[in-house]
Structure formats: structure tokens, C-alpha cells
Amino acid sequence: MNFASAMAAASPSSLLLPRPQTLSRLLLNGRLPSPPATRRAPSLPFWSPTRDLRRFAASSSPAPGAVEVKPKLDGETGGRSAKDKEEGLRVVLPTNESSEKLLRIRHTCAHVMAMAVQRLFPGSKVTIGPWIDNGFYYDFDMEPLTDKDLKRIKKEMDRIINRNLPLIREEVSREEAQTRIMALNEPYKLKILESIEEEPITIYHIGNEWWDLCAGPHVDSTGHIDKKAVELESVAGAYWRGDVNKPMLQRIYGTAWETEDQLKAYLHLKEEAKRRDHRRLGQDLDLFSIQEDAGGGLVFWHPKGAMVRHIIEESWKKIHLQHGYDLLYTPHVAKAALWKISGHLDFYKENMYDQMNIEDELYQLRPMNCPYHILVYKRKLHSYRDLPVRVAELGTVYRYELSGSLHGLFRVRGFTQDDAHIFCLDDQIKYEIRGVLDLTEEILLQFGFNKYEVNLSTRPEKFVGTDDIWEKATAALRDALDDKGWAYQIDEGGGAFYGPKIDLKIEDALGRKWQCSTVQVDFNLPERFDISYVDSDARKRRPIMIHRAVLGSLERFFGVLIEHYAGDFPLWISPIQARVLPVTDTEVKYCTEVVSKLNSMGVRAELCYGERLPKLIRNAEKQKVPLMAVVGPKEVETQMVTVRSRFGGELGMMTIDEFIARIQFAVSNRTSL
């Protein structure tokens with residue numbers, strides 16, 4: 001993966017700042033994507049699962065602009081009909097993009113909250129308060145807040161909403177805005193005013209009692225907000241302008257919806273996401289850990305997690321070999337001069353670790369695999385007949401991340417990318433891109449991901465390479481997507497400076513979208529490293545380089561996989577496929593023989609005993625073991641086992657050979673028993 005796009009591929013898109021020329025307008029609109037807080041508010045989609053969440057196949061894609069939801073009704077029905085009680089409430093959760101009403105509500109809620117805070121905490125200073133995917137937030141310079149404070153703020157917001165105060169738009173000159181801000185002693189607003197280029201300056205008032213710099217939009221009056229559809233979620237610390245050398249602010253996150261039922265559906269989804277949190281499940285299922293004694297952001301794969309990783313890697317390698325890739329293993333460090341040639345030291349240094357002096361030469365941990373693959377290509381002269389050359393590696397890279405941005409497996413300091421690079425001719429781009437799309441689908445489908453969001457990003461204002469090669473490469477990417485039959489959106493001007501790209505997000509069982517796969521054409525690194533091939537006229541030519549990742553990183557993908565299945569992995573990737581349980585210690589000897597035979601036939605099985613059978617079964621359920629083979633006196637006598645499946649229930653008695661055969665069939669077909 002090329003360094004210029006790595007952060008976009010590894011991070012939520014909401015953390016990327018807009019282009020400089022749009023900053024002031026976004027800020028005026030209250031939409032500036034702020035720097036990440038030291039503790040993030042939950043980032044959740046607008047979909048909630050139906051009551052049956054046992055089978056975690058990826059859900060159907062939501063309709064554009066809205067998603068149907070059937071939240072679980074636990075106890076309190078709130079006056080709903082009997083039919084509602086039986087079927088669940090049908091709720092449609094809109095998005096900011098699909099509902100301008102919702103966007104206005106959220107934006108106004110941010111202002112109402114700021115007004116409430118300044119009433120309750122005189123002397124608090126306001127900064128910015130935009131709407132975000134699930135609601136809104138506002139940053140304040142003030143003393144730290146508590147959960148008790150949030151309740152007080154919400155009550156004050158309710159009072160403001162009940163008063164049905166009008167939202168009044170006013171246009172003023174820059175000088176007038178500055179005078180008013182200085183009168184209020186709001187230093188942060190002065191900084192914001194300086195960044196606004198457009199005039200006149202617009203201000204929004206809540207009644208005649210509070211105002212803020214803002215371009216809107218807002219609801220007509222606070223009474224248009226359903227106070228029962230608003231909730232304050234959390235408080236976190238956030239540096240002003242994202243600079244650790246600047247003041248730490250108090251960021252209050254809230255969520256707002258059009259109706260109370262929408263809020264309840266969202267909160268249900270939030271709880272479900274909490275239940276699936278990979279950090280908790282990683283600990284409960286003993287899959288991985290982050291050992292602070294070793295350092296933050298460094299992942300320890302425990303035996304069970306390592307087994308899942310092994311299965312993922314073996315499958316990944318097998319598919320790549322079938323698609324004509326050669327596998328590579330390359331060093332974790334290299335001379336600093338290599339990263340100078342590649343441009344990393346010029347454009348990516350802040351994400352790289354300090355250099356090491358070894359025998360008077362500087363070395364550096366690798367943040368990317370690309371230069372290594374180029375050196376492998378460059379080791380010998382290539383003919384046009386040799387192309388395409390496809391190389392792939394599960395390469396571990398190291399990138400510096402602030403401790404406040406680390407997040408389980410999703411944001412780490414050392415991770416393994418499923419990197420691959422293709423060196424090809426101009427007229428091979430379309431074929432190679434189509435091959436990458438096919439390979440990507442093949443890999444993702446076996447893990448249960450069959451819903452994607454695809455974007456094609458085209459030439460930006462500043463770029464390397466000729467207009468002709470850009471047009472040819474972009475057309476090749478577009479044609480490959482058309483041939484594949486995938487729906488996609490075009491992000492005009494959103495490509496990297498070195499070439500156009502395709503980004504793919506997968507949708508999990510909760511409808512959340514995760515950036516994993518990327519395909520990027522690169523006209524830059526071949527030039528920097530002066531790589532070539534010999535054409536049919538014996539002249540040296542520059543090959544096209546394609547960067548490609550399917551899973552993104554094994555760590556992040558494993559985190560997504562845990563949350564997608566809530567730790568209930570499919571049989572084929574489950575770290576323990578079967579647990580053999582004796583009714584009493586008398587059957588332990590036979591159970592040991594059963595486990596030995598299962599293991600010898602490639603079934604991942606273990607023996608557990610020493611407790612009463614009901615507790616052994618409960619423990620297996622808690623550990624989400626797909627199959628349990630119960631052994632009592634009858635099973636010993638008949639040389640059989642009684643099988644119980646987490647998904648199929650009681651499967652009855654069967655011979656060991658039949659049990660093995662059924663497991664092997666299910667694994668080969670990616671099904672369950």
C-alpha cells in the first residue's frame with residue numbers, strides 16, 4: 001500500500017480533514033471534522049438488527065437514505081399494540097444525507113447544548129459544535145465535566161426546547177462580528193472568525209438570549225426538536241485544533257433523532273455494538289491482548305487468536321498462489337536512504353519511528369512494504385514478456401500513533417498488511433484490476449462479507465504523470481468495475497497525486513461499513529526508483545505499478561471479524577471446533593482417544609472435564625465452541641459420541657468417523673453443522 005493513502009485506509013474517513021480551500025466554509029457551516037478526542041464517542045451505523053441475532057451473515061444493504069429497523073422490545077412497550085409487541089416496532093432511521101430535517105435538528109441541538117452549558121457554567125468558553133454521523137458535539141474550555149453534569153445539562157436543554165425559542169439568522173460585517181465576540185470575551189471564536197474567508201458573516205440567535213457564528217441550517221424554533229429523541233452520551237477531552245501543545249477542551253457528545261422511537265432503535269444498536277466490542281470479546285475468549293509492559297498499540301496474539309490468524313493467512317496464501325502471485329518475505333528494517341528515495345521521509349516522517357545508528361549507518365523500521373517489493377522487481381532486467389509481475393506479502397509494518405488515538409485492534413502501532421504489488425504494461429491495467437476485484441470478492445465472501453461500498457477516485461489538481469496515462473488508467477479502473485458489475489460512486493478529484501484508485505468498504509452484521517480493500521495505480525514510485533522493462537523494440541520503458549490490499553491489516557480485519565460474528569466464528573475458522581465432554585471422570589480415557597483421533601484428522605478439538613456436565617456445557621457455550629461431543633457410559637460402550645451444535649442444536653449419536661466426516665464436509669463448504 002502506498003504511503004500517501006495508508007492513513008486513509010487505516011482510519012475512519014471522518015478523521016480526514018477537508019481540502020484547505022473548503023475549511024472556512026465548512027467551519028462556518030458547523031461541519032468542520034474536528035481532531036479526534038482522547039476518548040472517542042461511539043461511531044455507529046444507522047441500522048439495528050432484528051431480534052434474531054444468532055446467525056451473523058451480513059445483512060442486506062440498506063436502501064439509500066434510510067434503513068429499516070426492528071428493535072427488540074424488552075418489557076416496557078410504551079402503549080404499543082399487541083401486534084407491535086409481537087413483531088417489534090418498525091422504525092426507519094434516516095441519515096444526515098437523506099434527511100435535511102434530521103441534520104437541522106442535530107445542528108440546532110449543538111447550539112441548544114452550548115447555550116445550556118454556558119447558563120449552568122458561567123465563564124465556560126465555546127469553540128466549535130458541528131453535527132456528526134450519529135448526532136452532534138461541542139467543545140468547551142472549562143473545568144472537567146462528570147456524568148452528573150451531563151444530566152443537569154440535558155435538563156436545561158429540555159427547558160430551552162420547551163420554550164419554543166426561534167432560531168434567527170443575522171448577517172453582520174466582519175468588524176461587527178469581532179466587536180460582539182470581544183464583548184463576550186470568547187477568544188476561540190475570534191480564531192474561528194479569522195479563518196472564515198467569506199462575507200458577510202452569519203450569526204444564528206436562539207431567541208434574544210444566545211448566539212453563535214454559524215451558516216446554518218437550523219430548525220425554525222427549538223420546539224421543533226423532540227426532547228425525548230435527544231440524549232447526551234459522553235464527555236471526552238480534545239485538544240484545541242488537535243494540537244497537544246494547545247489547551248485541553250471538554251467535548252460533549254450527544255445524539256439526536258426525529259422521533260423517540262428512532263432514538264430507542266439507535267440505543268438498541270449501540271448496546272448491540274457494545275456487546276460485540278472486540279476488545280471485550282478478545283479478553284473473554286482469550287484471543288489477544290495489549291500488554292502495557294511491552295507498550296501500547298502492540299498486539300499479542302494468544303493461542304486461540306493465533307490459530308484464527310493462521311487459518312486466515314493460509315487461506316490468503318492459497319488464493320494468491322491460485323491467482324498467479326509470488327509470495328515474498330522481506331526485512332522489517334532498512335537503511336534510512338531507502339525511505340528517502342521512496343519519499344516517506346519527506347511526506348510521512350511524523351508517522352515513522354526514530355532512526356537507529358548501526359555501524360555508522362542509519363536504519364529505520366518500515367512503515368510500508370512498497371519499496372521492498374520494488375527492490376525485488378529491480379533485482380534483474382525484465383522483458384515485456386515477463387509482465388505482469390505479481391508479488392504479495394503479509395508484511396508487518398510499524399507506525400507511530402499517539403497514545404490517545406490507539407483503539408484495540410483498530411488503531412495500533414505494529415500491524416501486518418496483506419500487501420501486494422503488480423508491475424504491468426499500460427494495456428494490462430484493466431485486466432489486472434479486474435483480477436484484483438475477483439480475488440478481493442473471493443477472499444471477502446468466504447468470511448461472510450458480501451455487501452460493499454465502492455468508490456473510484458480520479459485525478460486531483462496536483463498530480464504526477466501525463467494526462468494521457470491518467471485518462472487511460474482511470475478508464476481501465478472504470479471499465480474493470482463495469483465488467484465486474486459492481487455499483488460504485490465516482491469521487492472526482494479524490495485520487496492520490498500518484499494515480500487513481502478504487503476503495504472498497506465492507507458491511508458487517510450491524511450494517512457498519514469498514515474500509516479494508518484498496519486498489520491504487522501508481523505513476524510515482526516507478527519513477528523514483530527508476531524501474532523499467534525492455535519492450536519489443538529493445539527500448540527501456542517504465543512499467544505501471546499497482547498497489548493492492550484486500551484485508552487492509554490482519555489486526556484490524558480480525559477486530560472487524562470478531563465484531564461481525566460477535567465472537568461466534570464459523571466452524572471453519574473457529575479456533576476450537578469441538579470440545580469433548582465426559583459425563584463423569586470414568587469416560588475421560590475414551591474421551592482422550594476421541595480427541596486424539598479428531599486432532600489427527602485435522603479437527604481442532606480439546607478435552608474438558610473435572611466439572612459437572614451442565615457446567616461443562618455452559619462453559620463451552622460461553623467460549624462459543626461450535627460443537628460439543630458428550631460422552632457417557634453408552635457412548636463408551638458403542639464407541640460413539642452424542643453431538644450438540646451451537647447452531648444446529650442436538651444432532652444425536654454418531655460414530656467418530658461420521659463426526660469427522662461431517663465436520664470436514666462443513667469446513668470445506670464453509671457451512672455449519
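**Entry 1. Overall contacts and composition**

I began with the contacts of the protein: of those with a separation of 6 or more, 72% are between residues 24 or more positions apart. I note here that the model is predicted. I then looked up the secondary structure and found 21 helices and 30 strands. For burial, I recorded that 55% of the 673 residues are buried. The exposed area of the protein is about 30,200 Å², and I noted that carbon and sulfur atoms supply 50% of that area.

**Entry 2. Phe557**

I turned next to a single side chain. Phe557 belongs to helix H17, which covers residues 554-565. Is Phe557 buried or exposed? I found a relative accessible area of 0% for Phe557, and therefore list this residue as buried, the cut-off being under 20%.

Which residues does Phe557 touch, if those up to four places away in sequence are not counted? I listed Ile312, Leu444, Phe447, Phe449, Ile506, Cys516 and Leu551. I also looked up the pair Phe557 and Leu409: 148 residues separate them in sequence, while their C-alpha atoms are 8.4 Å apart in space.

**Entry 3. Cis peptide bonds**

I went on to the backbone. As a reference, I kept in mind that most peptide bonds are trans. I recorded a cis peptide bond between Gly216 and Pro217, with omega at about 5°. Pro217 sits in the loop that runs between strand S8 (210-213) and strand S9 (230-239).

I recorded a further cis peptide bond between Leu387 and Pro388, where omega is about 10°. I placed Pro388 in the loop between helix H13 (370-378) and strand S17 (389-398).

**Entry 4. Positive phi**

I then checked phi, bearing in mind that most residues other than glycine have a negative value. Asn164 is not a glycine, yet I read a positive phi of about 55° for this residue. Where is Asn164 placed? I found Asn164 in the loop between helix H5 (147-162) and strand S6 (167-172). The relative accessible area of Asn164 is 42%, so I entered this residue as partly exposed.

Arg670 likewise is not a glycine, and I noted a positive phi of about 55° there. I located Arg670 in the segment after helix H21 (656-668). With a relative accessible area of 36%, Arg670 is also entered as partly exposed.

Methods. Residues are numbered from 1 along each chain as its sequence is written. This is a predicted model: local features need pLDDT of at least 70, side-chain atom pairs count only at pLDDT 80 or more; totals for chains, interfaces and linings use all residues. Side-chain values use heavy atoms; hydrogens and water are left out. Helices (H or I, at least four residues) and strands (E, at least two) are DSSP runs, numbered from the N terminus. Buried means under 20% relative accessible area, exposed over 50%, partly exposed in between (1.4 Å probe, protein chains only). Contact means heavy atoms within 4.5 Å. Accessible areas come from the Shrake-Rupley method with a 1.4 Å probe; for residues, only the protein chains shown count as cover.
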